[in-house]
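Here is a quick walk through one protein model, from the overall fold down to a few individual side chains. Have the sequence and the coordinates open as you read.

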Amino acid sequence: MPQAPIDVYSWPTPNGHKVHIMLEECGLPYVAHPVNIGKGDQFAPDFLAISPNNKIPAIVDPEGPDGQPISLFESGAILVYLAGKTGRFMPEGDRARYDVLQWLMFQMGGVGPMLGQAHHFRLYAPEKLPYAIERYTNEARRLYGVIDKRLSQSAFIAGPDYSIADIAIFPWLRSWENQGIVLTEYPHLKQWFDGIAARPAVQRGVKVLADLRKPLTGDKERDILFGKSQYARR
């Protein structure tokens with residue numbers, strides 16, 4: 001029987017793109033439901049029921065491991081789940097699997113948070129704070145250097161094969177200019193980046209919901225996305 005579509009609750013951000021790309025790479029049917037994080041959709045009770053941390057993306061797979069529906073939040077966990085479901089983009093051997101998982105954690109714990117802070121202080125913060133801009137721009141450059149060194153030794157992030165580690169890291173590097181990065185200073189990374197960007201599934205994935213995203217239009221949207229609304233008790 002055909003796979004029932006997976007419901008994806010998302011927005012066209014790097015974390016959303018990870019899951020869109022993975023679904024496209026795996027050829028899984030899905031329905032993308034926009035969660036406009038600039039309008040506060042992430043605080044809706046129906047969304048919080050599947051993503052209690054009020055962050056996108058989240059999925060509901062009607063055909064979970066036991067044949068029953070399963071909901072998941074956190075993009076890294078979703079990538080691991082989809083890799084297990086399809087048997088793709090995650091090696092079977094323990095050593096190679098842990099190589100992928102450590103680089104996935106590198107993205108979740110380092111690349112995402114630090115590049116996110118670089119974006120925030122360079123572009124979105126109402127006050128341009130030189131210390132914060134320098135701190136996170138320097139950290140972005142350090143992380144790019146780590147990735148470039150790794151890719152001087154390996155065709156892909158976690159080894160010889162394309163994996164969920166590549167899928168997780170790539171979307172965060174698409175806005176390198178906004179992070180204060182000159183991509184040509186990282187030649188191994190650039191070669192890898194260009195190769196990933198040329199993949200048809202990646203090109204399809206980054207277009208999902210992309211036409212809905214608009215620049216922040218005022219203090220209210222900025223407050224919803226970055227300010228008091230994120231920390232209000234609910």
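What radius of gyration does the protein chain have, and what would a compact globule with 234 residues have? The chain comes out at 18 Å, which agrees with the value near 17 Å for such a globule. The radius is taken over C-alpha atoms, and the globule rule is 2.2 Å times the number of residues to the power 0.38.

Before going further, a word on the ground rules. This is a predicted model, where local features need pLDDT of at least 70 and side-chain atom pairs count only at pLDDT 80 or more, while totals for chains, interfaces and linings use all residues. Residues are numbered from 1 along each chain as its sequence is written, and side-chain values use heavy atoms, with hydrogens and water left out.

**The overall picture**

The chain has 10 helices and 4 strands. Helices (H or I, at least four residues) and strands (E, at least two) are DSSP runs, numbered from the N terminus. Along the sequence the pattern reads β-α-β-α-β-β-α-α-α-α-α-α-α-α. The C-alpha trace spans about 55 × 45 × 30 Å along its principal axes.

Of the 234 residues, 47% count as buried. Buried means under 20% relative accessible area, exposed over 50%, and partly exposed in between (1.4 Å probe, protein chains only). About 12,100 Å² of the chain is exposed, and carbon and sulfur atoms supply 53% of that area. These areas come from the Shrake-Rupley method with a 1.4 Å probe; for residues, only the protein chains shown count as cover.

Contacts (heavy atoms within 4.5 Å) reach a long way along the sequence: of those with a separation of 6 or more, 66% are between residues 24 or more positions apart.

**A covered helix**

Helix H6 (residues 164-173) is mostly covered, with 10 of its 10 residues buried. Among them are Ile164, Asp166, Phe170, Pro171 and Trp172. The cover over these residues includes helix H1 (14-26), H3, helix H4 (94-124), H5, H7 and helix H8 (200-205).

**Charges and salt bridges**

Lys and Arg count as positive and Asp and Glu as negative; His and the chain ends are not counted. The mean positions of the 26 positive and 25 negative charges are 5 Å apart, each charge being placed at NZ of Lys, CZ of Arg, CG of Asp or CD of Glu.

A search of the whole structure turns up 5 salt bridges, each a side-chain nitrogen of Lys or Arg within 4 Å of a carboxyl oxygen of Asp or Glu. The table lists some of them.

| Salt bridge | Closest N to O |
|---|---|
| Asp61 and Lys85 | 2.8 Å |
| Arg142 and Glu139 | 2.8 Å |
| Asp194 and Lys190 | 2.8 Å |

The Asp61 and Lys85 salt bridge links distant parts of the chain: Asp61 sits in strand S3 (residues 58-61) and Lys85 in helix H3 (residues 75-86), 24 residues apart. Asp61 is buried at 0% relative accessible area, whereas Lys85 is partly exposed at 28%.

Arg142 and Glu139 are 3 residues apart in helix H5, so about one helical turn separates them. Arg142 is partly exposed, at 45% relative accessibility. Asp194 and Lys190, 4 residues apart in helix H7 (residues 187-197), are likewise separated by about one helical turn. Asp194 is partly exposed at 36%, and Lys190 is partly exposed at 28%.

Which side chain of opposite charge is nearest to Arg150? That would be Asp99, 5.4 Å away, and Arg150 is buried yet has no salt bridge. Arg150 is found in helix H5 (residues 130-151). Leaving aside residues up to four places away in sequence, Arg150 touches Trp103, Phe156, Ile157, Ala158 and Gly159.

**Backbone oddities**

The loops have some spots to check. The peptide bond from Ile56 to Pro57 is cis, with omega near 0°, and Pro57 is in the loop between helix H2 (45-48) and S3.

Glu74, in the loop between strand S4 (70-73) and H3, has a positive phi near 75° without being a glycine. Glu74 is partly exposed, at 36% relative accessibility. Phe89 also has a positive phi, near 65°, and lies in the loop between H3 and H4. Phe89 is buried, with a relative accessible area of 12%.
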